[in-house]
Amino acid sequence: GAPVSSLGLLLLLVITIHLVSLPSQFTVTGPDRPITASIGGEAILPCHLFPRISAEDMELRWFRSKFSPAVHLYRDGQDQYGEQMPEYRGRTELLKDDITNGSVSLRIRNIRPSDNGQYVCFFFSPFIEKAIGLGSAPGISVEGHQDGGIRVVCRSAGWYPEPTAQWRDLQGQVLPSASEKISPEADGLFQTEIAIVLTEESNQKVSCCVRNLLLNQERESAISIAELFFPRANPWMVALWVILALLAVLIGLASYCFWRQHRAKGEVTRGGNLVRERERPKPKVVIQALRGFDSMFGGVSGNGSWVEGEGGAE
């Protein structure tokens, strides 16, 4: 029969490199396009410092989605295999021929399909290790009452790159924040500030979490606020205000009733005076009485009528 020809199958993997720039002191550069590699072959991932400075005393970490364990770790002047991912053991080599000029590349042998994806080249100096790694532990402070609750603020500094911050309850659920601010510091690092308003009805124990997304690590602090610190209406004060309000109403009603009673009494008094004046003898009665007064020398008869002098009866 006809000879059967077999065709070799070549698989190519695309490897992209993510470079981490360190604040102020130097930056990291690498290839401007993805690196391709064939299954079973090898790939070289270049990484350089700019300006060209020695990386002998620095820590170099190649990693993927998680900061640790690493694809390859160089620290204290030698390779550290204790923190290496199991699937890369025996397959990586750090090329240190030009390390004094800040050039360090990673060789990966026996390429597998699982090697496809993104790799991160991460440098940092021992002198700024804390700044580049994680920032300070979050500091939580209570800053008074707001909107019927207590305003609590969380602050943390010394982060690079910009961190994310959030409030969580005891179950790890994210709580809405009242405000959030990230601002640069003088040394190129970042500080974050996030606030929340806690009410008596809401969670009284919360935690503030600040995370470095690049390192996939975070720092966390918690706070618990006792019920007595929440603003609430004093029952004695409420009762006092209710009593005062009732007294004010009663005093107003009493004043109005007294005024109406006094007004009605005044009208009755004036009417009574008019009636008595009508009942008094009118001046004509006095005049009629004076008609019998005929002479200053007369007298009064037994029946009360006036008589004149010595003559006979009128």
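This passage walks through the disulfides, one open sheet and two individual residues of a predicted model.

A good place to begin is with the cysteines. The structure holds two disulfides, and, when bonded cysteines are counted along the chain, their pattern is 1-2, 3-4. One of the two joins Cys47 and Cys121, whose sulfur atoms lie 1.9 Å apart. The torsion about this S-S bond is about -90°, so the disulfide between Cys47 and Cys121 is left-handed. Distant parts of the chain are linked by this pair, with the two positions 74 residues apart: Cys47 sits in the loop between β4 (43-45) and β5, whereas Cys121 belongs to strand β11 (residues 117-124). Both Cys47 and Cys121 are buried.

The other bond connects Cys154 with Cys208, at an S to S distance of 2.0 Å. Here the torsion about the S-S bond is about -80°, and the disulfide of Cys154 and Cys208 is therefore left-handed. This pair, too, links distant parts of the chain, its members being 54 residues apart; Cys154 is placed in strand β13 (residues 149-159) and Cys208 in strand β18 (residues 205-212). Cys154 has a relative accessible area of 1%, and it counts as buried because this value is under the 20% cut-off. Cys208 is likewise buried, at 0% relative accessibility. Cys209, by contrast, takes part in no disulfide: the nearest cysteine sulfur is that of Cys208, 6.6 Å away. Such a separation is beyond the 2.5 Å within which two cysteine sulfur atoms count as a disulfide. Cys209 is also buried, with a relative accessible area of 2%.

Strand β18, home of Cys208, leads on to the sheet. Strands of a sheet pair through backbone hydrogen bonds, in either a parallel or an antiparallel way. In this model, four strands form an open sheet with the order β15-β14-β18-β19, and their pairing is antiparallel. The edges are occupied by β15 (174-175) and β19 (217-224), each of which pairs on one side only. Two bridges connect strand β14 (residues 164-168) to β15 in the antiparallel sense. Arg168 has Val174 of β15 as its bridge partner.

Attention now turns to His72, which is found in strand β7 (residues 72-75). With a relative accessibility of 1%, His72 counts as buried. Its side chain makes a polar contact with the side chain of Asp79, at 2.8 Å, and the side chain of His72 also makes one with the side chain of Thr92, at 2.9 Å. Once neighbours within four places in sequence are set aside, the residues in contact with His72 include Leu60, Arg61, Trp62, Tyr81 and Leu106. Gln84, Glu93 and Leu94 are also among the contacts of His72.

Glu56 offers a last stop. This residue lies in the loop between β5 (48-50) and β6 (59-63). Glu56 is partly exposed, with a relative accessible area of 40%, whereas His72 is buried. Leaving out neighbours within four places in sequence, Glu56 is in contact with Tyr74, Gly77, Ile99 and Thr100. For Gly77, which is 21 residues from Glu56 along the chain, the C-alpha atoms of the two residues are separated by 6.0 Å.

Key:
Residues are numbered from 1 along each chain as its sequence is written. This is a predicted model: local features need pLDDT of at least 70, side-chain atom pairs count only at pLDDT 80 or more; totals for chains, interfaces and linings use all residues. Side-chain values use heavy atoms; hydrogens and water are left out. Buried means under 20% relative accessible area, exposed over 50%, partly exposed in between (1.4 Å probe, protein chains only). Contact means heavy atoms within 4.5 Å. Two strands pair if DSSP finds at least two bridges between them. A polar contact is a pair of N or O atoms within 3.5 Å; within protein, one must be able to donate a hydrogen and the other to accept it, and residues adjacent in sequence count only if both atoms are side-chain atoms.
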